[in-house]
Amino acid sequence: MKQTLYRPLPWHVDVNGRRFRITPYFDRVLRVFDIWADANILDEDKLAAASRLLVRGRPNVDALNAVFALLFEQHDTTDDKKTFDFLQDSGRIYAAFVQSYGIDLFKMQGKLHWWQFIQLFNALPDNTRMAQVISIRAREIPAPTKYNAAEIDNLRKLKKAVALEMSQEERERRLQASL
């Protein structure tokens, strides 16, 4: 179900005839991302933690899958070029929300629905540092010509200054892909 402005935000999922209340606050979803990325946590512990954070009551795997499908259905994952990281860019994201919307994300913990957060994040104006950093990371380095050496050098310096740190898991995945 795509979210529209005439439907209320989803606060439950229905699975196999059971209704599960969910807690889809942005801070909980970001915590799940953090847990999911931690290679030191066992998969079953990741599932248990995600369930505790996002589903009330005694959820099962089907309920958690339904929550994931509901919260992340709108995202296109075809582009694997990473231009932001919620954890590494958290300071920039916080500043951009204050600058653009007057929203203090610390005060909105446990209040702001994930869908609200992600729509605001996706619409950050170009004059925020976060949007500028995403733009720098997304830019391709142009093919060298005799006229653009300074531009290429400048873009490389900018990219280096705002580069994301790669996790060990990401490094291993890229190494295997290149092999």
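Trainee: Is leucine 47 buried or exposed?

Mentor: Leucine 47 is partly exposed, because its relative accessible area is 32%, and partly exposed lies between buried, under 20%, and exposed, over 50%, with a 1.4 Å probe and protein chains only. This is a predicted model, in which local features need pLDDT of at least 70 and side-chain atom pairs count only at pLDDT 80 or more, while totals for chains, interfaces and linings use all residues. Residues are numbered from 1 along each chain as its sequence is written, and side-chain values use heavy atoms, with hydrogens and water left out.

Trainee: Where does leucine 47 sit?

Mentor: Leucine 47 lies in helix 2, residues 43-54, where helices (H or I, at least four residues) and strands (E, at least two) are DSSP runs numbered from the N terminus.

Trainee: Changing topic, which way do the side chains of strand 1 point?

Mentor: They alternate along residues 12-15, with Val13 and Val15 buried on one face, whereas His12 and Asp14 point to the other and are not buried. In a regular strand, side chains alternate between the two faces of the sheet.

Trainee: And how many bridges join strand 1 to strand 2?

Mentor: Four bridges connect strand 1 with strand 2 (residues 18-21), and the two run antiparallel; pairing requires that DSSP finds at least two bridges between the strands. Valine 15 stands opposite arginine 18, and in the hairpin, with two residues between the strands, asparagine 16 takes a positive phi near 50°.

Trainee: What about the aromatics, how many pairs are there?

Mentor: The structure holds 18 aromatic pairs, counted when ring centres of Phe, Tyr and Trp (its six-membered ring) lie within 6.5 Å, with planes under 30 degrees apart called stacked, over 60 edge-to-face and the rest tilted. Phenylalanine 68 and phenylalanine 72 form a tilted pair, at 6.0 Å centre to centre and 40° between the planes. They are separated by about one helical turn because they are four residues apart in helix 3, residues 61-72.

Trainee: Which pair is stacked?

Mentor: Phenylalanine 97 and phenylalanine 117 form a stacked pair, with 5.2 Å centre to centre and 15° between the planes. This pair links distant parts of the chain, helix 4 (residues 90-101) and helix 5 (residues 114-122), the two residues being 20 apart, and both phenylalanines are buried.

Trainee: Which residues touch the most other members of the largest nonpolar core?

Mentor: Among them are Phe97 and Phe117, in a core of 33 residues, a nonpolar core being a set of buried Ala, Val, Leu, Ile, Met, Phe, Trp, Tyr and Cys residues joined through side-chain atoms within 4.5 Å. Helix 3 gives the largest share of this core, six residues.
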